[in-house]
Amino acid sequence: MRYEGQEAFYKSHTWYRVRDAYKKQAKGLCERCLAKGRITPGEMVHHKIPLDAEKIKDPNLALSFDNLELLCRDCHAAEHSKKDRRFKVDEYGRVECVS
């Protein structure tokens with residue numbers, strides 16, 4: 001489900017800088033796979049606490065490394081399929097609204 005401010009946030013230079021810096025800190029590897037002993041490239045910087053129209057305005061949550069993790073497409077898809085039954089994840093790991 002889309003919410004106000006989402007598109008602008010994810011297209012902002014601030015988000016790009018934070019996202020890229022986080023990927024670098026995570027050494028470009030999926031953190032969940034790495035915890036299981038697998039070496040898999042990470043592709044998606046995921047918010048552990050999901051953002052909504054209010055939370056996206058809080059930089060301590062939206063831009064904090066503590067709320068981010070780097071995931072591969074499979075782990076990102078698995079995360080969203082278990083939490084967001086109203087969403088589906090396509091073959092590229094993109095989350096789509098189905099409701």
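These legends describe an overall view and several close-up views of one predicted model.

The model is predicted: local features need pLDDT of at least 70 and side-chain atom pairs count only at pLDDT 80 or more, while totals for chains, interfaces and linings use all residues. Residues are numbered from 1 along each chain as its sequence is written, and side-chain values use heavy atoms, with hydrogens and water left out.

**View 1. The whole protein has five helices and four strands.**
Helices (H or I, at least four residues) and strands (E, at least two) are DSSP runs, numbered from the N terminus. Along the sequence these elements follow the pattern α-α-α-β-α-β-α-β-β. Of the 99 residues, 34% count as buried. Here buried means under 20% relative accessible area, exposed means over 50%, and partly exposed lies in between (1.4 Å probe, protein chains only). The protein exposes about 6,600 Å², and carbon and sulfur atoms supply 52% of that area. Accessible areas come from the Shrake-Rupley method with a 1.4 Å probe; for residues, only the protein chains shown count as cover. A contact means heavy atoms within 4.5 Å. Of the contacts with a separation of 6 or more, 54% are between residues 24 or more positions apart.

**View 2. Helix α2 spans residues 13-25.**
The helix has 13 residues and reaches 18 Å from its first C-alpha to its last, close to the 18 Å expected at 1.5 Å a residue. The expected span is 1.5 Å times one less than the number of residues. W15, V18 and Y22 of α2 are buried. They lie on the same side of α2 because they cover an arc of only 70° around the axis. The arc is that of the directions from the helix axis to the C-beta atoms. On the other side of α2, H13, R17 and K24 are exposed. The cover over the buried residues of α2 includes the helices α1 (6-10), α3 (31-35) and α4 (59-62), along with the strands β1 (44-47) and β2 (68-71).

**View 3. K27 follows just after α2.**
K27 is found in the loop between α2 and α3. This residue has a positive phi of about 60° although it is not a glycine. K27 counts as exposed, at 67% relative accessibility.

**View 4. Strands β1 and β2 run antiparallel.**
Four bridges join the two strands; strands pair if DSSP finds at least two bridges between them. H47 of β1 stands opposite L68 in β2. Both faces of β1 are covered, with M44 and H46 buried on one side and V45 and H47 buried on the other. Both faces of β2 are covered as well: L68 and L70 are buried on one side, and E69 and L71 on the other.

**View 5. E69 is found in strand β2.**
At 10% relative accessibility, E69 counts as buried. Its side chain is joined to that of R32 by a polar contact of 2.7 Å. A polar contact is a pair of N or O atoms within 3.5 Å; within protein, one must be able to donate a hydrogen and the other to accept it, and residues adjacent in sequence count only if both atoms are side-chain atoms. Leaving aside neighbours within four places in sequence, E69 is in contact with Y22, E31, R32, M44, V45, H46 and K48.

**View 6. I49 lies in the loop between β1 and α4.**
I49 is partly exposed, with a relative accessible area of 41%. Apart from neighbours within four places in sequence, I49 is in contact with K55, L61 and N67. From C-alpha to C-alpha, I49 and L68 are 8.4 Å apart in space, and they are 19 residues apart in sequence.

**View 7. L61 is found in helix α4.**
L61 counts as buried, at 15% relative accessibility. L61 and I49 are twelve residues apart in sequence and 7.9 Å apart in space, C-alpha to C-alpha. With neighbours within four places in sequence left aside, L61 is in contact with H47, I49, L51, K55 and N67.
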